[in-house]
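Welcome! Here is a short tour for anyone meeting this structure for the first time. Keep the 3D view open as you read.

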Amino acid sequence: MEHRLRCQISEQDGMLRVKDVLEKKMGLTRRQISRLKYIPDGITLNHRQVRTDALAHPGDTVCAALDLGRRFIPTSDDFTRIPLVILAERADWIALAKPSGMTLHPTHGHYYDTMSVQLNALLSDDDVLSALYEQDQGRACSLHTIGRLDKDTSGIQLFAKNPIAAARLTQQRACHQLQKEYVALVHGICPQQGVIDTPIARTPDALNHMECSPQGKAAHTAYTRLAHGENHSLVRLKLNSGRTHQIRVHMASIGHPLLGDTVYRGKAMKGLAGQCLHARRLKFIHPRSGEHIQLQSQLPEYFTAVLSKLGPVIG
């Protein structure tokens, strides 16, 4: 028997948002709806997975998965595998080289092609399933992301493999023992170096967009110009905070948006999908042994290709 709730929209109902159908006609809570968003086919409209802001018309059928307690556990036969580049791995953590264009966690329109799902599947293939899953209760024990890279940002992405390691690494991040260094290409010739200490907040009435605002949370970005061309600069950036889109927002605020970052006033460039930003180095302390770890990720092909197109740079 398929465990799903169904609701067919009547002529009397008229046109409804899927969110309203789930809440008012199915009686689901906001928390339940939130969990459904990240389950394959958790919310469907006429057998097609949709966002909760989709419109349902009379005659349409909205379905919601009932089995919220059992999360999808990927295996090698479930979907197309994407090769992952492992930079380093220990019992408590794993660091990958994230490619530009890859979403980190399941979201609308992305599930099987996300890094976390692909990594879970890879680790299960390596016969460490018992360390990741509580099989007796049918629940997946998620990997813990330590600092999230945006979809179009490439570079080092760190995952903790257990809650204790996650807590210790998160604490290191808060007190700046865990440090990540980025490189980016920005428009214009920026100053040789500088510090941007401007609070960042979500843009009102905008989806996934940030802005500099006195009402925001403290954000600190230090940058150094490594080289420049006729109308662009190669910069190194270090953060003392981890706000959403921090580098992108801060550099745009001083008139030097990232190349390709059309969301924050950057110009599109042929062959570049999104901002030209790469997490190049990572330093942290092993959460159990106390060993000092230093990792590096080479500039990816898309980044070096853009540098070549832009022509000579002055160091």
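Lys25 counts as partly exposed because its relative accessibility is 40%, which lies between the 20% and 50% cut-offs. This is a predicted model, and in it Lys25 forms a salt bridge with Asp13. Asp13 is partly exposed too, with a relative accessible area of 24%. The two come from distant parts of the chain: Lys25 sits in helix α1, and Asp13 in the loop between β1 and β2.

By the rule used here, the count comes to 11 salt bridges. Three of them are listed below.

| Salt bridge | Closest N to O |
|---|---|
| Lys25 – Asp13 | 3.1 Å |
| Glu23 – Arg30 | 3.7 Å |
| Arg248 – Asp150 | 3.1 Å |

Arg248 belongs to helix α6 and Asp150 to the loop between β11 and β12, so their bridge ties together parts that are 98 residues apart in sequence. Arg248 is buried, at 6% relative accessibility, whereas Asp150 is partly exposed at 22%. Elsewhere, shared partners join Lys19, Glu23 and Arg30 into one salt-bridge network. In that network, Arg30 is exposed, with a relative accessible area of 65%.

Now to the inside. Which residues have the most contacts within the largest nonpolar core? They are Val18, Leu22, Met26, Leu28, Ile43 and Val62, in a core of 17 residues. Helices α1 and α2 and strands β3 and β6 each give two or more residues to this core. A second, separate core has 15 residues, including Ala95 and Leu178.

Finally, look at strand β14. Gly194 and Ile196 point to one face and are buried, while Gln193 and Val195 point to the other and are not. β14 pairs with β17 in the antiparallel sense over four bridges, and Gln193 has Thr224 as its bridge partner there.

Notes. Residues are numbered from 1 along each chain as its sequence is written. This is a predicted model: local features need pLDDT of at least 70, side-chain atom pairs count only at pLDDT 80 or more; totals for chains, interfaces and linings use all residues. Side-chain values use heavy atoms; hydrogens and water are left out. A nonpolar core is a set of buried Ala, Val, Leu, Ile, Met, Phe, Trp, Tyr and Cys residues joined through side-chain atoms within 4.5 Å. Buried means under 20% relative accessible area, exposed over 50%, partly exposed in between (1.4 Å probe, protein chains only). Two strands pair if DSSP finds at least two bridges between them. A salt bridge is a side-chain nitrogen of Lys or Arg within 4 Å of a carboxyl oxygen of Asp or Glu.
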